[in-house]
Amino acid sequence: MNAKQAAGYRAAELVKEGMTVGLGTGSTAYYAIEKIGEMVASGLSIRAIATSKASEELAAKYNIPLVPAADVDRLDIAIDGADEVDPDMALIKGGGGALLREKLVAVQSDRFVVIADSGKRVERLGQFKLPIEIVPFCYEWTLRLLRSRYKVDIEMRMDGDKLYVTDNGNYIADAAFGRIESPGRLSDELKATTGVVEHGLFVGIADTVIIGYEDGRTEIIE
Ligand code: 5RP
């Protein structure tokens, strides 16, 4: 068992009969979905919402019943990975490009459980480039504004020789802050920027962090 698998499988144990579950995106969330799929195959009855087309396909493969958002008031739990986790449980997410749906699902969940291998723990956020989802219309202006305001390297995410397009039809700009002194303030500023749809800072959203280690151990931080 590797670290991502350990964290993912441990989180799946928190899923109980009758729950509505948010399914995250990425290589760590993959293991949680796999385990939940095994539990469903053994008779567990749940319903789920996935945070990306890729996770929808994975859920379908494991016969995890997906329901439309209109049928859901609150989710009992959401389980998702992260690119960085700081000591206050603030996160950078969106390495896989699913940050908007991930945040929508996370804030609608009674318990947001983050799963990560130990390499994702940092003292301060910002070494991982912060993904910022921006609308395609006039995206050059939004990019120019962000560059001039923050004076850090910000590059459009590419998919081969084309701009990367999210599941929501938007683009992503990846910002190399290096060190984010105040994640809360930056989060508010980005959120208030016209042209920015969402960003990968998750501040005050995580309830539980499960860290997985290469020897299969897990550590749970509440
Ligand atoms: C996708 C995400 C992922 O949760 C994050 O990138 C971590 O991915 P992985 O578990 O593959 O390391 O935010 O948008």
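**Before you look.** Two strands pair when DSSP finds at least two bridges between them; helices (H or I, at least four residues) and strands (E, at least two) are DSSP runs, numbered from the N terminus. The model shown here is predicted, so local features need pLDDT of at least 70 and side-chain atom pairs count only at pLDDT 80 or more, while totals for chains, interfaces and linings use all residues. Residues are numbered from 1 along each chain as its sequence is written, and side-chain values use heavy atoms, with hydrogens and water left out.

**View 1. Four strands form an open, antiparallel sheet.** Follow the strands in the order 8-11-7-12. Strand 8 (153-156) and strand 12 (196-199) are the edges; each has a single partner strand, so one side of each has no neighbour in the sheet. From one strand to the next, the twist averages 25° (axes are lines fitted to C-alpha atoms, for helices over the stretch in contact, and angles run from 0 to 180 degrees between N-to-C directions). Inside this sheet, strand 7 (residues 130-134) and strand 11 (residues 171-176) pair in the antiparallel sense over 5 bridges. Look for Ile132, which stands opposite Ala173 in strand 11.

**View 2. Helix 4 and helix 5 lie across strands.** Helix 4 (residues 99-107) lies across strand 7, strand 11 and strand 12, where contact means heavy atoms within 4.5 Å. Helix 4 runs at about 65° to strand 12. Helix 5 (residues 139-150) lies across strand 7, strand 8, strand 11 and strand 12, and runs at about 165° to strand 8.

**View 3. Three strands form an open, antiparallel sheet.** Here the order is 4-5-13. Strand 4 (84-85) and strand 13 (201-202) each have a single partner strand, so one side of each is left without a neighbour in the sheet. Strand 4 pairs with strand 5 (residues 91-92) in the antiparallel sense over 2 bridges, and Glu84 stands opposite Ile92 in strand 5.

**View 4. The ligand sits among 17 residues.** Those that come nearest are Ser27, Thr28, Asp83, Gly94 and Lys120 (a residue is near if one of its heavy atoms lies within 4 Å). A side-chain N or O atom of Asp83 is 2.6 Å from an oxygen atom of the ligand, a polar contact being a pair of N or O atoms within 3.5 Å. Backbone N or O atoms join in too: one of Gly81 lies 3.4 Å from a ligand oxygen atom, and one of Gly95 lies 3.4 Å from a ligand oxygen atom. Of the 380 Å² of accessible area that the ligand has on its own, the protein covers 92% (Shrake-Rupley method, 1.4 Å probe).

Definitions and conventions
Polar contact = N/O pair within 3.5 Å; in protein donor to acceptor, adjacent residues only side chain to side chain.
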